[in-house]
Amino acid sequence: MTAEALRQAVADHLLYSIARPAAVLTPEHYYRALALAVRDRMQRRWMATTQDWLDLSNKVTCYLSAEFLMGPQLGNNLLNLQIEDQAREALAMLGQDLDEIIAVEPEPGLGNGGLGRLAACYLDSMATLERPSIGYGIRYEFGIFKQEIQEGWQVEKTDNWLVRGNPWEIDKPDASYLVNWGGHTETYEDVTGKFRVRWIPQRVLQGVSYDTPVQGYGVNTCNTLTLWSARAVESFALEAFNTGDFYKAVDEEVISETVSKVLYPNDEPEAGKRLRLLQQYFFVTCSLQDILRIHTDRANLPLSALPQKWAIQLNDTHPSIAVAELMRLLIDDHQMSWDEAWSITVATFGYTNHTLLPEALETWPLSIFGEALPRHLELIYEINNRFLDEVRARFPGDEERISRMSLIGEDGGKSVRMAHLATVGSHAVNGVAALHSELLKASVLKDFYELWPEKFGNVTNGVTPRRFLALSNPGLRQLLDETVGDGWLTDLTRLRGLESYADDASFRERWREVKRANKSRLAEFVHSSTGIELDPTWMFDVQVKRIHEYKRQHLMVLHIISLYNKLKNSPGLSIPPRAFIFGGKAAPGYFMAKRIIKMINAVGETVNSDPDVNRCMKVVFLPNFNVKSAHLVYPAANLSEQISTAGKEASGTGNMKFMINGALTIGTLDGANVEIREEAGPENFFLFGLTEDQVERVKSDGYRPAAFVENDPELAEVLQLIAEGRFTHGDTEILRPVLDSLLHHDPFLALADYRAYVDCQAKVSAAWEDGDRWSHMSILNTARSGKFSSDRAIAEYCDDIWKVWPMEVDL
Ligand code: 26Q
């Protein structure tokens with residue numbers, strides 16, 4: 001682990017793995033050589049960890065997730081191995097700069113947003129807390145699209161992240177499983193005379209595993225992320241080959257491999273996409289077969305012991321077919337009785353819900369489902385029959401309740417309700433923030449809560465302080481280490497020790513200096529990617545997240561336009577200067593979200609080029625917001641925009657990343673904002689807007705957006721400017737859909753919160769003008785962010801749901 005040993009290892013990899021003469025070496029070659037050298041250094045810990053849990057003397061968590069948004073690995077692995085200084089020195093000896101080499105790494109974008117990044121933060125915490133665990137997911141060949149902005153519009157480009165190879169993964173072609181698909185079922189009599197069911201698939205493909213090490217911080221524990229990649233089954237291809245049908249064999253291979261080809265870029269379910277169902281079933285069956293193989297072949301344990309040895313967590317409903325698949329494996333393949341199989345299944349699974357939006361609850365049309373997974377549909381019918389009998393026994397004669405709770409929905413065409421399947425098939429169900437978990441029990445899962453109150457709980461999300469503070473904010477890391485020691489890296493509540501420094505003027509000065517340097521760093525990046533110049537002394541007011549109407553990026557735009565309008569109307573006026581920074585992707589098929597991006601860019605273009613206003617405001621849309629650019633964004637923010645309609649954002653995790661980096665929040669009482677405000681203290685949080693129950697009341701009373709316009713001349717002017725084409729070179733059509741929606745059919749009540757938001761922003765500006773007051777609040781935000789560490793969240797999952805305990809790994 002010395003610098004000299006690392007230098008030697010890098011030099012060796014340049015020679016043996018990269019195989020390029022010194023004269024042609026590029027930073028990318030150095031990146032790959034260093035990555036391989038670092039992976040070598042994790043290998044002993046990785047094998048020791050795997051060896052230690054493989055006998056299952058300790059219980060293991062399996063985190064099933066269709067997305068793992070891991071972000072670049074090199075910097076994080078150096079951090080967690082605690083060899084950053086050695087690596088820097090080693091590269092310097094080779095005439096290279098570590099930061100430049102780190103910047104070369106492409107990021108694996110195997111997720112859409114919050115849910116995928118949460119899975120990655122949780123892997124980091126599970127390893128750091130020394131909990132035996134495996135992440136199971138899909139090795140998409142193409143991750144989330146790369147976003148370019150052309151004439152203000154989003155343009156999607158494919159993300160070919162694997163073209164240059166991935167030094168972090170190890171493929172395990174010997175660890176593969178068969179995946180059946182389509183066809184029909186048959187009954188037969190087994191040797192003991194029992195009736196059994198056999199699934200005769202129409203197609204078979206194969207999943208092969210690619211393993212990536214997940215190194216804990218400062219510990220020997222190095223867990224595994226297993227991602228499945230789809231292949232054609234060799235024997236099938238060979239058969240076609242031998243019969244001379246070469247092209248059919250190739251064809252088959254191509255079709256099979258499409259299964260793990262590309263991540264669906266929607267963060268809401270897209271109705272009835274057969275390939276998406278196949279992706280879900282594909283990774284779930286491979287993962288469960290892997291678990292059963294380890295359990296029975298490696299650890300030699302009876303299947304009845306499954307729940308004592310494994311906790312399987314469903315990251316939303318995307319892997320919820322696992323409930324039916326485990327039943328199938330236990331009953332059809334292992335001849336278990338229904339009752340035993342069911343009690344094992346329920347005791348093994350936990351389900352985390354990430355949304356309340358009814359349109360975002362996953363359902364599958366029966367026609368597609370039955371054709372693809374005929375055996376699973378039979379099992380789901382049987383699960384449903386037994387479940388509904390239980391409901392009938394508890395609530396006799398309540399047929400409406402029966403149809404509300406059924407696993408089969410009858411609204412429109414018949415469909416399988418995956419959230420119901422996940423809830424019935426799990427012993428623990430949780431939401432991702434306190435408010436969200438309460439609303440879950442009061443709305444979408446109300447009937448289930450009434451039946452099984454003890455199943456329901458809350459685990460408020462968290463983010464890893466290693467990546468989102470230590471790695472991405474080295475300036476603050478240094479200051480924190482000097483002030484409270486470095487214990488905060490594994491116990492974020494230690495930041496409480498900062499509180500007393502909030503009153504110390506010289507400390508506040510250092511605090512501001514760190515933030516200013518981070519803002520310069522972001523300004524440089526903004527300049528290189530958009531050509532826009534930002535002044536790092538201005539307030540950086542930031543909203544980065546997927547583009548959605550419920551998140552209300554357009555509400556922030558309305559505020560920008562209101563300031564623009566004021567400045568235009570009173571030329572002498574001056575306001576505290578602000579840079580408004582946006583980032584985020586829109587689902588390619590989400591019409592309104594794409595218009596909102598266009599609106600941001602149109603307003604930006606007008607504002608940024610107008611000398612009347614650009615002396616105190618600028619608007620930036622940062623293209624292709626991802627984990628890598630997040631490293632630059634969160635540490636540079638002064639103001640965090642968390643302005644979703646109350647009751648719609650399950651938790652949010654960006655809100656936490658801003659807070660730990662010392663941004664103040666302007667936000668509604670939604671998701672984890674509620675808890676952020678509680679922790680920070682209401683005086684250190686800018687609250688505005690309707691509460692969740694007020695939102696519901698306004699809606700049931702009949703929301704009339706026009707009323708808000710009639711009562712607010714300033715709002716009317718803002719909307720008028722958009723309507724007359726002020727930001728679109730006179731074109732009145734481009735932004736009309738956004739206006740129409742705000743004015744006539746906005747389920748997210750943006751105009752109802754407009755006045756409160758704009759007034760609250762005036763308070764933000766006043767607070768900003770008092771630099772000492774702002775710094776004081778900023779320090780307290782960081783100091784009180786301890787709750788939002790993913791270590792706290794994972795400790796809760798382990799203690800309350802999984803019953804998975806630390807296992808120290810000896811080398
Ligand atoms: C499902 C079926 C078909 C196609 C796509 C999907 C799909 C994919 C991704 C549905 C949802 C997602 C992602 C959802 C998500 O990111 N939700 C966010 O999860 C965060 C972590 O809990 C929360 O903080 C956010 O509030 C929530 O919006």
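Two strands pair if DSSP finds at least two bridges between them. On that basis, this report describes strand β10 and the nonpolar cores of a predicted model.

**Strand β10 and its partners**

β10 and strand β11, which spans residues 349–352, pair in the parallel sense over 4 bridges. Strand β1, residues 60–64, likewise pairs with β10 in the parallel sense, over 5 bridges. The table collects these pairings together with a pair of facing residues for each.

| Partner of β10 | Residues of partner | Sense | Bridges | Facing residues |
|---|---|---|---|---|
| β1 | 60–64 | parallel | 5 bridges | T61 opposite A311 |
| β11 | 349–352 | parallel | 4 bridges | F349 opposite I312 |

Strand β10 itself covers residues 310–315, and 6 of its 6 residues are buried. Both of its faces are covered: one side carries W310, I312 and L314, and the other carries A311, Q313 and N315.

**Nonpolar cores**

In soluble globular proteins, nonpolar side chains tend to be buried together. In this model, the largest nonpolar core comprises 115 residues, of which F282, L288, W310, F369, L373, F387 and W802 touch the most other members. Helix α9, residues 274–298, gives the most to this core, with 11 residues. Another core, of 66 residues, lies apart from it and includes Y590, F688, F727 and A767.

The surroundings of F282 can be listed individually. Leaving aside residues up to four places away in sequence, F282 touches V179, L205, Q206, G207, W228, S229, A230, V259 and S260.

W310 links the two topics of this report: it is buried on one side of β10, and it is among the residues that touch the most other members of the largest nonpolar core.

Conventions
Residues are numbered from 1 along each chain as its sequence is written. This is a predicted model: local features need pLDDT of at least 70, side-chain atom pairs count only at pLDDT 80 or more; totals for chains, interfaces and linings use all residues. Side-chain values use heavy atoms; hydrogens and water are left out. Buried means under 20% relative accessible area, exposed over 50%, partly exposed in between (1.4 Å probe, protein chains only). A nonpolar core is a set of buried Ala, Val, Leu, Ile, Met, Phe, Trp, Tyr and Cys residues joined through side-chain atoms within 4.5 Å. Contact means heavy atoms within 4.5 Å.
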